[in-house]
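This report examines side-chain pairing and strand arrangement in one protein chain. The sequence and the model are shown first, and the discussion follows.

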Amino acid sequence: MSPRVDPAQVRPGDALPEVAETIERLDLVRYAGASGDFNPIHWNDEVARAVGLPGVIAHCMYSMAVATRMVTGWVGDPAAIKRLKVRFSAMIEPGQTLTAKGEVAEVDGRRVLVRFHAEDEKGERVVGKGEAELEL
């Protein structure tokens, strides 16, 4: 991991380095195995279409994980996250690219609040209203 962020150098408005990931079907299969969520809408197009979806969609929590990697990559220590919240606002399908963007919202000593979102290649928010409270 990269070195931890120096809290004395962090300021509100600081942008976090963006993270972009193209969602692949194999990622969803791996995530299903790791999470135990084998809902067929995440791996079977026929089932997904039968319930009104355009085809297989990514797990919402997988989308959150992509966005959270941006935060942990910036801070350099996943244990620095003390609270995390998001709102899922759209679906993303295999082949689409999810881009996470965020910035420092507040700094109070060693406590840092980061606000973030993740969007598809059209700019539609897939993960919105993300907040990560960190202790540096």
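Which side chain meets that of K101 in a salt bridge? The partner is E119, with 3.0 Å between N and O. The structure under discussion is a predicted model.

## The K101–E119 salt bridge

The bridge between K101 and E119 links distant parts of the chain, the two residues being 18 positions apart. K101 belongs to strand 3 (residues 97-108), whereas E119 belongs to strand 4 (residues 111-119).

The accessibility of the two partners falls into separate classes. K101 has a relative accessible area of 27% and is partly exposed. For E119 the value is 14%, which places this residue in the buried class because buried means under 20%.

## Other salt bridges and the network

In total, 10 salt bridges are counted. One of them joins R25 to D45, whose closest N and O atoms lie 3.0 Å apart. This pair also links distant parts of the chain: R25 is in helix 1 (residues 25-35) and D45 in helix 2 (residues 45-50), with their positions 20 residues apart. Both partners are partly exposed, R25 at 33% relative accessibility and D45 at 24%.

A further salt bridge is formed by the side chains of R83 and E133, at 3.2 Å from N to O. Here the two positions are 50 residues apart, with R83 in strand 2 (residues 81-88) and E133 in strand 5 (residues 125-135). R83 is partly exposed, with 32% relative accessibility, and E133 is likewise partly exposed, with 21%. Through salt bridges that share partners, one network takes in R83, K85, E106, R111, R115, E131 and E133.

## The five-stranded sheet

How are the five strands ordered in the open sheet? The order is 1-3-4-5-2, and the pairing is antiparallel. Strand 1 (19-22) and strand 2 form the edges, each of them pairing on one side only. On average, neighbouring strands of this sheet are turned by 20° against each other, with direction ignored.

Strand 2 and strand 5 run antiparallel and are joined by six bridges. R83 has E133 as its bridge partner in strand 5. These two residues are therefore paired in the sheet and also connected by the side-chain salt bridge at 3.2 Å.

## Helix 3 and the aromatic pair

Helix 3 lies across strand 1, strand 2, strand 3, strand 4 and strand 5. Relative to strand 2, helix 3 runs at about 140°.

The structure holds one aromatic pair. Its members are Y31 and Y62, with ring centres 5.7 Å apart. Why is the pair described as edge-to-face? The ring planes stand at 75°, and planes over 60 degrees apart count as edge-to-face. Because Y31 lies in helix 1 and Y62 in helix 3 (residues 60-75), the pair ties together parts of the chain 31 residues apart in sequence. Y62 is buried, at 8% relative accessibility.

## Summary of the contacts

Taken by element, the described contacts are as follows. Helix 1 is linked to helix 2 through R25 and D45, and to helix 3 through the rings of Y31 and Y62. Within the sheet, strand 3 is linked to strand 4 through K101 and E119, and strand 2 to strand 5 through R83 and E133.

Notes:
Residues are numbered from 1 along each chain as its sequence is written. This is a predicted model: local features need pLDDT of at least 70, side-chain atom pairs count only at pLDDT 80 or more; totals for chains, interfaces and linings use all residues. Side-chain values use heavy atoms; hydrogens and water are left out. A salt bridge is a side-chain nitrogen of Lys or Arg within 4 Å of a carboxyl oxygen of Asp or Glu. Helices (H or I, at least four residues) and strands (E, at least two) are DSSP runs, numbered from the N terminus. Buried means under 20% relative accessible area, exposed over 50%, partly exposed in between (1.4 Å probe, protein chains only). Rings of Phe, Tyr and Trp (its six-membered ring) pair if their centres lie within 6.5 Å; planes under 30 degrees apart count as stacked, over 60 as edge-to-face and the rest as tilted. Axes are lines fitted to C-alpha atoms, for helices over the stretch in contact, and angles run from 0 to 180 degrees between N-to-C directions. Contact means heavy atoms within 4.5 Å.
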